[in-house]
Amino acid sequence: MGDMTDANELAVPELAVPEVVDSPARRAQPTGSMARWLLRHRVQPVGPAAGGQHTEQHAWWKVMCLTGVDYFSSLAYVPAIAALAAGAVSPLATLLIVALTLVGMLPMYRRVTRESPDGAGSVAMLEDLLPFWRGKLFVLVLLGFVATSWIITITLSAADASVHMVENPYLPHALHGHEVAITVALLLMLGGVFLLGFSEAVRVAIPLVAVFLALNAVTIAVGLVDVFTTPGAWSAWTHALVEGGGIGDLAGPALLAFPLLVLGLSGFETGVSMMPLVSAEGADPAQRLRARIRNTRRLLTTAAVIMSVYLLAASFVTTVLIPQKEFEPGGAANGRALAWLAHESVGEAYGTVYDISTILILWFAGASAMAGLINIVPRYLPDYGMAPEWGRAVRPVVLVYTALCVFITIAFDADVNAQAGAYATGILAMMVSGAFAVTVSAVRRRQRAAATGFALLTAVLMYALVANIVDKPDGITISGLFIAGIIAVSLISRVSRTTELRADRIVFDRAARQFITDTLAYDDAINIIANRRQAGDGIEYSAKEREQRGTNPVPGPADILFLEIDVVDPSDFSETLTVRGVEVDGFRILRAEAPAAPNAIAAILLALRNTTGVLPHCYFAWAEGSPLRHMFRYFLLGRGDTAPVTREIIRKHEPQPDRRPGIHVGG
């Protein structure tokens with residue numbers, strides 16, 4: 001490929017173009033105080049720069065409380081679900097969940113924190129498995145399941161809180177029949193907390209979790225005393241176990257209840273998504289990153305140990321002390337086993353305090369899901385061009401999610417059971433994707449034992465997912481609607497944003513800046529020939545120069561530069577545009593890699609105009625073929641009839657015709 005030299009070695013005291021140029025895109029700045037308030041805090045894109053810039057950071061145990069409002073709140077209903085599904089064998093089924101938590105889920109998500117430390121979770125790990133558009137569609141499907149699980153977590157928890165309110169004997173009986181209105185009010189209050197900020201959400205979560213865990217500790221402790229002091233309680237339970245038959249007969253109900261209880265593990269993914277909120281100290285970014293990974297692992301481990309102890313103890317005392325008929329639909333302990341125990345064993349006044357604590361933590365359980373949605377989804381869709389740029393801002397996203405939650409609550413009539421299928425499907429799909437991601441990671445690192453263990457975990461979670469889909473097929477239907485909605489909105493947004501410059505900033509290396517400086521010194525003009533590189537040798541550039549001088553109004557004595565854009569991944573949207581200067585057989589070329597050629601050319605021309613004060617002129621040849629075919633090629637492959645698209649992008653970003661770089665097409 002000819003004699004190629006890199007002009008980085010050239011030393012020039014003053015260069016016409018700075019090394020880094022901000023994007024020349026004309027972005028409207030918010031003018032009103034309300035608009036500035038709404039757009040003040042933004043989520044950063046995935047990558048090393050991602051972090052908690054949109055909020056202050058907190059000690060890991062405080063962030064654990066925000067995660068725990070979802071994770072720990074499952075104590076309010078999981079023991080009842082286990083007792084209803086497995087009967088006397090409920091503690092054994094719970095023991096399986098505890099084992100899965102400590103041996104499977106905890107090691108899995110500790111690994112995710114190391115490999116996806118920017119808060120993007122297992123989605124970021126899976127994104128690299130498939131290239132180009134296949135990878136983007138794969139991520140959109142995963143985000144569909146993420147949205148399903150966390151949106152339904154918000155609506156389901158609020159609906160469950162309203163159920164606990166109307167069933168409390170001390171609250172007005174007039175609340176019955178108004179569950180939808182109560183749930184909507186709870187959702188609006190939750191959204192209001194997040195409009196104030198993440199710090200306010202953390203401050204609300206800490207006392208809610210502390211009081212709830214303390215009340216549960218008292219209830220379980222009293223229950224354990226009753227187990228061994230209530231005549232016949234212990235013997236009745238052991239007799240029921242003996243009547244169950246052999247080990248196989250005991251394990252059967254436990255395995256059948258297992259898919260239902262896996263839902264109590266949903267707090268792990270939200271915990272990982274909140275990594276940007278975890279404070280970390282260090283002398284440099286690398287040290288702070290290691291500290292954040294270490295602190296997040298403490299968060300996950302502490303939460304898992306606390307929940308395992310509470311869950312196993314709660315399942316034991318509720319199964320032994322509460323009659324089985326009370327767990328049936330319509331029974332006093334249905335969906336609220338520990339609340340029943342608090343009323344019956346400790347007293348009505350204490351039980352009411354327990355109910356209030358349960359209502360509050362169930363109301364705020366959606367906070368961890370809201371935080372997860374805010375931290376993950378805006379990191380992807382705007383970066384893909386599949387959401388408006390304001391989709392990075394926290395407060396507008398909170399308003400959108402809150403409105404969606406209100407709509408879903410009204411559509412499902414605030415019915416907990418009607419939403420359970422979608423909730424389970426979304427949660428389990430997230431867990432399966434996470435387990436698969438760490439399995440692939442272990443295989444790539446040739447860690448045979450870890451790969452085998454994580455593959456087994458993937459199979460277990462897949463079993464739970466399939467069992468849930470078979471039992472509640474409406475869940476996969478609802479998840480499918482979420483996925484279809486995300487894909488449709490994403491594609492519409494991508495099409496509407498095709499004429500954006502799509503460059504976060506532009507970096508010129510020394511050689512590129514030298515070439516521009518030299519061409520300005522020659523004739524005080526910038527004349528550029530756009531070229532799609534083939535052989536990349538001197539013969540190609542000589543022929544291209546003769547063609548353009550013959551068909552385009554290139555001034556005869558003008559000094560020229562070539563501009564080449566290599567389309568590397570057309571499914572990407574915006575990134576830093578790096579322009580390199582390369583010399584081939586005396587021809588000087590500016591080269592850059594970008595997702596789309598017209599957008600990159602327009603960004604470079606506008607950047608040159610802004611930094612040099614000279615209007616550049618760019619020369620093209622007409623593309624052959626159908627305009628419709630070129631349109632699809634541009635959208636999918638980043639190339640097409642480049643000249644008219646480049647001109648349209650420049651027109652949109654520069655309303656004054658006399659300030660637009662010249663676009664010339666001949667041939």
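**Exercise 1. A loop residue with positive phi**

In which loop is the place of arginine 446? State its phi and its exposure as well.

Solution. The model is a predicted one.
- Step 1: Arginine 446 sits in the loop between α16 (416-444) and α17 (448-471).
- Step 2: The phi of arginine 446 is near 55°, a positive value in a residue other than glycine.
- Step 3: Most residues other than glycine have a negative phi.
- Step 4: Arginine 446 has 79% relative accessibility and so counts as exposed, the cut-off for exposed being over 50%.

**Exercise 2. Another positive phi, and a glycine**

Find where aspartate 585 lies and classify its exposure. Then say which residue follows α3.

Solution.
- Step 1: Aspartate 585 lies in the loop between β6 (575-584) and β7.
- Step 2: Although aspartate 585 is not a glycine, its phi is positive, about 50°.
- Step 3: With 41% relative accessibility, aspartate 585 counts as partly exposed, because that class runs between 20% and 50%.
- Step 4: Helix α3 covers residues 78-86, and its buried residues include Val78, Pro79, Ala80, Ala82, Ala83 and Ala86.
- Step 5: Glycine 87 follows α3 and has a positive phi, near 65°.

**Exercise 3. Salt bridges of strand β7**

Which acidic residues pair with arginine 588 and arginine 591? Work out which parts of the chain each pair ties together.

Solution.
- Step 1: Side chains of opposite charge can pair when their charged atoms come close.
- Step 2: Arginine 588 forms a salt bridge with aspartate 559, at 2.5 Å from N to O.
- Step 3: Arginine 588 belongs to strand β7 (residues 587-594), whereas aspartate 559 is in the loop between α20 (538-551) and β5 (560-567), so this pair ties together parts 29 residues apart in sequence.
- Step 4: Arginine 588 and aspartate 559 are both buried.
- Step 5: Arginine 591 forms a salt bridge with glutamate 564, at 2.8 Å from N to O.
- Step 6: Because arginine 591 lies in strand β7 and glutamate 564 in strand β5, the pair ties together parts 27 residues apart in sequence.
- Step 7: Arginine 591 counts as buried at 6% relative accessibility, and glutamate 564 is buried at 0%. Buried means under 20%.

**Exercise 4. Another pair, a network and the total**

What does arginine 609 meet in a salt bridge? Give also the members of the salt-bridge network and the number of salt bridges in the structure.

Solution.
- Step 1: The partner of arginine 609 is glutamate 654, with an N to O distance of 2.9 Å.
- Step 2: Arginine 609 is in helix α21 (residues 597-612) and glutamate 654 in the loop between α23 (642-653) and β9 (662-666), so parts 45 residues apart in sequence are tied together.
- Step 3: Both arginine 609 and glutamate 654 are buried.
- Step 4: Arg111, Arg114, Glu115 and Arg445 are joined into one network by salt bridges that share partners.
- Step 5: The structure holds 14 salt bridges.

**Exercise 5. Two crossings of α6**

At what angle do α6 and α15 pack? Do the same for α6 and α7, and classify each crossing.

Solution.
- Step 1: Two packed helices are described by the angle between their axes and the distance between the axes.
- Step 2: Helix α6 (residues 132-167) packs against helix α15 (residues 394-411) at about 60°, the axes being 10 Å apart.
- Step 3: α6 and α15 are therefore oblique to each other.
- Step 4: The crossing of α6 past α15 is right-handed.
- Step 5: The axes of α6 and helix α7 (residues 179-196) cross at roughly 125° and come within 9 Å.
- Step 6: That angle makes α6 oblique to α7.
- Step 7: α6 also passes α7 in a right-handed crossing.

**Exercise 6. A nonpolar patch and a buried glycine**

Which residues form the nonpolar patch on the surface? Then find whether glycine 121 is buried or exposed.

Solution.
- Step 1: The patch consists of Leu102, Val103, Val305 and Val309, with about 360 Å² of accessible area together.
- Step 2: α4 (90-115) and α12 (285-321) each supply at least two residues of this patch.
- Step 3: Valine 305 lies in helix α12 and counts as partly exposed at 42% relative accessibility.
- Step 4: Glycine 121 is in helix α5 (residues 121-127) and is buried, with a relative accessible area of 0%.
- Step 5: The C-alpha atoms of glycine 121 and valine 272 are separated by 5.9 Å, with their positions 151 residues apart along the chain.

Note on methods:
Residues numbered from 1 in each chain as written. Predicted model: local features only at pLDDT ≥ 70, side-chain atom pairs only at ≥ 80, totals over all residues. Heavy atoms only, no water. Salt bridge = Lys/Arg side-chain N within 4 Å of Asp/Glu carboxyl O. Helix = DSSP H or I, 4+ residues; strand = E, 2+ residues; numbered from the N terminus. Buried < 20%, exposed > 50% of the residue type's maximum accessible area, 1.4 Å probe, protein only. Patch = residues over 30% accessible without salt bridge, like charges linked within 9 Å, V, L, I, M, F, W, Y side chains within 5 Å. Areas by Shrake-Rupley, 256 points an atom, 1.4 Å probe, with all protein chains shown as cover. Axes fitted to C-alpha atoms, helices over the stretch in contact; angles between N-to-C directions. Parallel < 35°, antiparallel > 145°, perpendicular 65-115°, else oblique. Left-handed = near helix turned anticlockwise from the far one by under 90°.
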